[in-house]
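Could you walk me through this fold, one question at a time?

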Amino acid sequence: MSELKQSKYIDITTDYGFKKVFGSDTNKDLLIAFLNELFRGRKIIADLYYNKNEHVGDTEDIGTVIFDLTCTADNGERFIIEVQRTAQDNLKKRMLYYSSKLIADQAPKGNRRAWNYAISEVYIIVLMDGFAMPDAGDEKYFLHDICLCYRDHGKIFYDDLGFIYVELVNFVKAEAELVNDLDRWLYVLKNMSSLNGLSTYLRKPIFEKLFQLAEYSKLKPEEREMYNVSLRNKWDAESIRSSQEDQLKRAREKAMAEGEVIGKAEGKAEVIKNLLSSNKFSISEIAELADVTVEFVKQIEAEKAKGK
């Protein structure tokens, strides 16, 4: 792991690095500062406490859900913070399921009439490391702040359930371009392990504490081993993702070439059938490759299943 030893600071998007920086009561000021910047003044968290990150299902069939980090603010707001390193077709659905767990777990076992659905605010924070938002298209936003709203005019319908997705791959600002503390947080999240020290752009007490905490040389031997394992796992995930992206690029080039030759809906249908048969790509990826809608791909999939 000589590559790691040359790094002055740990990578805080690894499992170990993330939990060391944000996951302990002694460092909760770091998490509070980060969350407050993510909410951009919409809410201010004064204090919080950490919850168990394992939620056991009501029955054996439901099973157990383990979150990266869960906490509750002093006014009852509940948060799940997840670091996601690989693209998944069901990422949005999984985060919706996570939020439903936090909501459902608030219901008392009895006397629900008196409770009267007094549900606290629930927020899901997702740090996406190395990949883009599913179905984002050409958008290059690095922050997606989402709540329930009316489809027709956009007015907020319910503001106490929110999802914040952070696409680190789209955050490309250099140090000299950092204009606020949210920029600074995202910059260190993405670049910490490649930095040599605290620059003037980051010289604030909260970041001074962060840099001191993240020094590799200050880790105990057993902490270094846990971090090394965590870093290897991240590198493995990146290698798999890179390989999948290469496969997707080659498939896209092949699909485009076939589409240019055939240039008709029947030809695209044949391309889609071949991509479905490969079992390598999701429905949304195939739609992108063939330059068609997701609904069209699902239609071809249904016809293929019927043997047409």
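Below, a reader asks about the sheet, the helices and the pockets, and an author replies.

Reader: Before we start, what kind of model is this, and how are residues numbered?

Author: Happy to say: this is a predicted model, where local features need pLDDT of at least 70, side-chain atom pairs count only at pLDDT 80 or more, and totals for chains, interfaces and linings use all residues. Side-chain values use heavy atoms, without hydrogens and water, and residues are numbered from 1 along each chain as its sequence is written.

Reader: In what order do the six strands of the open sheet lie?

Author: Helices (H or I, at least four residues) and strands (E, at least two) are DSSP runs numbered from the N terminus, and two strands pair if DSSP finds at least two bridges between them. The edges, each pairing on one side only, are β1 (48-50) and β7 (143-149). Pairing in this open sheet is mixed, and the order is β1-β4-β5-β6-β8-β7.

Reader: By how much are neighbouring strands of this sheet turned against each other on average?

Author: Axes here are lines fitted to C-alpha atoms, for helices over the stretch in contact, and angles run from 0 to 180 degrees between N-to-C directions. With direction ignored, the average turn between neighbouring strands is 25°.

Reader: Which residue in β5 stands opposite Thr70?

Author: Strands β4 (residues 69-73) and β5 (residues 78-84) run antiparallel and are joined by four bridges. Across from Thr70 in β5 is Ile80.

Reader: Which residue in β8 is the bridge partner of Leu148?

Author: β7 and β8 form a hairpin with six residues between them, and Gly154 in the turn has a positive phi of about 80°. Seven bridges hold the pair in the antiparallel sense. Leu148 has as its partner in β8 Tyr158.

Reader: At about what angle does helix α4 run to β5?

Author: Two helices are worth comparing with the sheet. Helix α3 (residues 28-39) lies across β1, β4, β5, β6 (122-128), β7 and β8 (156-167), at about 120° to β1. Helix α4 (residues 91-104) lies across β5, β6 and β8, and its angle to β5 is about 155°.

Reader: Leaving aside neighbours within four places in sequence, which residues does Ala33 contact?

Author: Ala33 sits in helix α3. Its C-alpha atom is 7.9 Å from that of Ile206, although the two are 173 residues apart along the chain. Counting contact as heavy atoms within 4.5 Å, the partners of Ala33 are Trp185 and Ile206.

Reader: Which helix supplies the largest share of the lining of the largest pocket?

Author: A pocket is an open set of points on a 1 Å grid over the protein atoms alone, where a 1.4 Å probe fits, with protein on both sides within 12 Å along at least five of seven lines; lining residues have an atom within 4 Å of a point. The largest pocket has 31 lining residues, with Ala132, Met133, Leu248, Glu285 and Glu288 nearest its centre. Both α8 (221-262) and α10 (283-290) supply at least two lining residues. The largest share, six residues, comes from α8.

Reader: Which strand gives the largest share of the lining of the second largest pocket?

Author: This pocket is lined by 21 residues, and closest to its centre are Asp89, Lys92, Lys93, Pro134 and Asp135. Contributors of at least two residues each are α4, β7, β8, α10 and α11 (294-305). The largest share, five residues, is from β7.

Reader: Which residue just after α11 takes a positive phi?

Author: The phi angle there is about 85°, and the residue just after α11 is Gly307.
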